[in-house]
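Student: I'd like a close look at one part of this model, starting from a single residue at the surface and working outward from there. Could you take me through it in one go?

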Amino acid sequence: MSRAVESDLVERLLDGEHRALARAITKIESQSPGYRDIVSELHAHTGDASVVGITGSPGAGKSTLVDKLAKHYRDQGETVGVIAVDPSSPYTGGAVLGDRIRMASNVGDMDVFFRSMSARGQLGGLSTATADAVKALDAFGKDRIIIETVGAGQNEVDVVKTADTVVVLVQPGSGDDVQMLKAGILEIGDLFVVNKADMEGASRTVAELQEMIHLRDDPRANLETGHHGAEAFDDAGHGGGHGDHADATAAEAEDDEDDEPLVWTPQVLETVATTGEGIDELVETLDDHRDYLGASGELAEKARKRAGEEIRQLLRSDVNRLLEAELDRRGGVDAFAEAVVEKETDPYAVAEDVLEPLRECLDGRDD
């Protein structure tokens with residue numbers, strides 16, 4: 001693809017052409033020649049969308065919840081982009097579940113753009129292609145972007161790198177899921193949703209999650225029931241409220257420089273996604289968290305951390321490719337491995353040898 005064709009594709013995408021958006025994301029996912037130029041051109045047009053990550057174990061009802069969230073936003077007149085990160089096929093690298101029908105409430109709605117993408121071997125994580133696809137949706141002008149990831153335990157923390165707000169879904173009575181959260185995924189959740197709350201055991205699961213959150217924030221804290229829903233943040237961490245109250249809290253914090261930093265306590269909500277029960281409260285709490293991110297300065301900090309991690313990831317990827325090429329030029333890694341087995345050298349010496357030209361080049365630039 002020539003640079004002129006790439007620029008034309010970007011221009012059509014920015015003009016709101018859905019076909020151009022779909023084509024750009026296809027090129028991004030397949031890493032076709034020139035895809036980086038496309039992402040680079042789109043970068044200046046990003047930063048306006050609200051990005052929410054939905055994660056949790058298989059069977060928790062993530063797809064149904066995402067469907068209902070998208071419908072709610074559309075009913076409000078907002079445009080929506082959905083990226084579903086599915087398990088990768090071991091044969092093609094493509095999304096195994098990519099052809100399934102997941103957005104039943106929004107079929108035929110052109111203002112809901114749905115794309116199923118492969119995790120490319122990163123269990124529960126987001127590939128670089130997925131992060132770039134979010135940029136394409138953002139630049140296109142989608143108001144809300146929802147990322148639904150595969151559920152694969154602790155590896156799900158990768159979702160944090162792209163989402164502003166992370167929602168973790170848990171099934172009622174799922175003791176194993178709660179134990180999984182204790183293993184690490186608890187750290188990434190801004191909201192915890194007990195879906196299928198009409199099932200037996202929902203109340204107990206809610207209580208367990210609330211206790212875990214309190215223990216995470218303060219190991220000495222006792223469980224305080226009733227700290228629920230939108231009473232999520234204020235300048236002293238004692239609970240605020242929805243809408244105007246949240247805005248007032250932010251204004252008060254700006255007026256009083258002596259106030260303590262804003263604090264967000266992860267919320268535990270209940271939903272029944274199949275009927276839409278609890279979706280209104282979920283949307284309201286998502287908006288509260290977005291307000292908190294802006295008022296506290298954490299939204300900008302997340303963007304900086306995300307940019308830094310993206311730079312590191314791209315550098316690691318590119319340097320790996322350069323080193324693989326250098327290994328091939330020297331006969332391939334198998335030849336080095338054979339030499340190591342025969343005790344002619346050792347892995348550390350091989351690494352030093354292969355990296356020496358790169359090190360000399362970088363040292364020379366310093367001089």
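Tutor: V319 is partly exposed, because its relative accessible area is 31%, and partly exposed covers the range between 20% and 50%. Do keep in mind as we go that this is a predicted model. V319 sits in helix 10, which covers residues 298–329. Together with L358 and L362, V319 makes up a nonpolar patch on the surface. The accessible area of these three residues together is about 210 Å².

Now step back along the chain to what comes before helix 10. G297 follows helix 9 and has a positive phi, near 85°. Helix 9 itself runs over residues 279–296. With 18 residues at 1.5 Å a residue, helix 9 should span 26 Å, and its end C-alpha atoms are indeed 26 Å apart, so the two values agree. As for which of its residues are buried, the list is I279, L282, V283, T285, L286, D288, H289, Y292 and L293. A general point helps in reading such a list: an α-helix has 3.6 residues a turn, so residues three or four places apart point the same way.

Two loop residues are worth a look for their backbone. Q31 is not a glycine, yet its phi is positive, at about 50°. Q31 belongs to the loop joining helix 2 (18–30) and helix 3 (35–43), and it is partly exposed, with a relative accessible area of 41%. K196 is not a glycine either, and has a positive phi of about 55°. The loop that holds K196 runs between strand 6 (191–194) and helix 7 (202–217). K196 counts as partly exposed because its relative accessibility is 26%.

Another loop residue, K161, lies between strand 4 (144–149) and strand 5 (165–170). K161 is in contact with R306 and E309, leaving aside neighbours within four places in sequence. From K161 to E310 there are 149 residues in sequence, but 8.5 Å in space, C-alpha to C-alpha.

Finally, let's turn to the interior. In soluble globular proteins, nonpolar side chains tend to be buried together. Here the largest nonpolar core has 43 residues, and L13, L21 and I25 have the most contacts inside it. Helix 5 (residues 128–140) gives the most to this core, with seven residues. Beyond its neighbours within four places in sequence, I25 is in contact with F113, R115, M117, A133, A136 and L137. A second, separate core has 26 residues, including V52, V112, L262 and A273.

Note on methods
Residues are numbered from 1 along each chain as its sequence is written. This is a predicted model: local features need pLDDT of at least 70, side-chain atom pairs count only at pLDDT 80 or more; totals for chains, interfaces and linings use all residues. Side-chain values use heavy atoms; hydrogens and water are left out. A nonpolar core is a set of buried Ala, Val, Leu, Ile, Met, Phe, Trp, Tyr and Cys residues joined through side-chain atoms within 4.5 Å. Buried means under 20% relative accessible area, exposed over 50%, partly exposed in between (1.4 Å probe, protein chains only). Helices (H or I, at least four residues) and strands (E, at least two) are DSSP runs, numbered from the N terminus. Contact means heavy atoms within 4.5 Å. The expected span of a helix is 1.5 Å times one less than its number of residues. Patches are made of residues with over 30% relative accessible area and no salt bridge: like charges are joined within 9 Å, nonpolar side chains (Val, Leu, Ile, Met, Phe, Trp, Tyr) within 5 Å. Accessible areas come from the Shrake-Rupley method with a 1.4 Å probe; for residues, only the protein chains shown count as cover. A salt bridge is a side-chain nitrogen of Lys or Arg within 4 Å of a carboxyl oxygen of Asp or Glu.
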